[in-house]
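Colleague: I've just been handed this model and would like to get my bearings. Could you take me through it, question by question?

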Amino acid sequence: EACCDDGDTLSIFECEDNIHELIVDGLNTITPPDPSSNEQDESFATEDQVEVSVLLDVVQFIDINVQSNTFSMLVSLELQWFDKRLAWEPFIGGCHRVTYRASIDS
């Protein structure tokens, strides 16, 4: 099913909103992804661990307190892993990216 191509030109917001409705509705976020879905070699035995790459980018030091040995900083954190439940065909409908929030609590 096309996520963004309904005959009209959709904004990026509308396109991402369509993908969220298509993929995320009904997704169980408590259950972790299946680690075996990322394995290319069938002889490889998984230990039920999902490989996650982490990128931490320090954007700005906000405060450094030498007396208390503390500091505050603004960082950007990027976590990346493979989860086939979040897949869609980007060339159908013309929507090539989508953004997910880590939590709805913030």
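Modeller: Sure, and one definition up front: helices (H or I, at least four residues) and strands (E, at least two) are DSSP runs, numbered from the N terminus. This is a predicted model, where local features need pLDDT of at least 70 and side-chain atom pairs count only at pLDDT 80 or more, while totals for chains, interfaces and linings use all residues. Residues are numbered from 1 along each chain as its sequence is written, and side-chain values use heavy atoms, with hydrogens and water left out.

Colleague: Which pattern does the protein chain follow along the sequence?

Modeller: The tally for the chain is 1 helix and 2 strands. Reading along the sequence, the pattern is α-β-β.

Colleague: What share of the residues is buried?

Modeller: Here buried means under 20% relative accessible area, exposed means over 50%, and partly exposed is in between (1.4 Å probe, protein chains only). The protein chain has 106 residues, and the buried share of them is 10%.

Colleague: And how much of the exposed area do carbon and sulfur atoms supply?

Modeller: Accessible areas come from the Shrake-Rupley method with a 1.4 Å probe, and for residues only the protein chains shown count as cover. The chain exposes about 9,000 Å², and the carbon and sulfur part is 52%.

Colleague: Which residues does Leu56 touch, leaving out those up to four places away in sequence?

Modeller: Leu56 sits in strand β1. Its C-alpha is 5.8 Å from that of Ser76, a residue 20 places away in sequence. Taking contact as heavy atoms within 4.5 Å, the residues that Leu56 touches are Val75, Ser76 and Leu77.

Colleague: Same question for Phe61: which residues does Phe61 touch beyond four places in sequence?

Modeller: Phe61 is in strand β1 too. From Phe61 to Phe71 the step is 10 residues in sequence and 7.6 Å between C-alpha atoms. The contacts of Phe61 are Phe71, Ser72 and Met73.

Colleague: Where does Asn69 lie, and what is its phi near?

Modeller: Asn69 is in the loop between β1 (53–65) and β2 (70–80). At 70% relative accessibility, Asn69 counts as exposed. Most residues other than glycine have a negative phi. Asn69 has a positive one, near 55°.

Colleague: Which side chain meets Arg85 in a salt bridge?

Modeller: Side chains of opposite charge can pair when their charged atoms come close. A salt bridge is a side-chain nitrogen of Lys or Arg within 4 Å of a carboxyl oxygen of Asp or Glu, and by this rule the count is 1. Arg85 is partly exposed because its relative accessibility is 31%, while its partner is buried at 11%. The N to O distance is 2.8 Å, and that partner is Asp83.

Colleague: Which residues gather in the patch of negative charge on the surface?

Modeller: Patch residues have over 30% relative accessible area and no salt bridge, with like charges joined within 9 Å. Asp and Glu count as negative, and the charge is placed at CG of Asp or CD of Glu. One member, Glu21, is in helix α1 (residues 12–23) and is partly exposed because its relative accessibility is 47%. The full set is Glu14, Asp17, Glu21 and Asp25.

Colleague: Last one: how far is the C-alpha of Asn18 from that of Val98?

Modeller: Asn18 is in helix α1 and counts as partly exposed, with a relative accessible area of 26%. Val98 is 80 residues away along the chain, yet the C-alpha separation is 9.9 Å.

How values were computed
Patches are made of residues with over 30% relative accessible area and no salt bridge: like charges are joined within 9 Å, nonpolar side chains (Val, Leu, Ile, Met, Phe, Trp, Tyr) within 5 Å.
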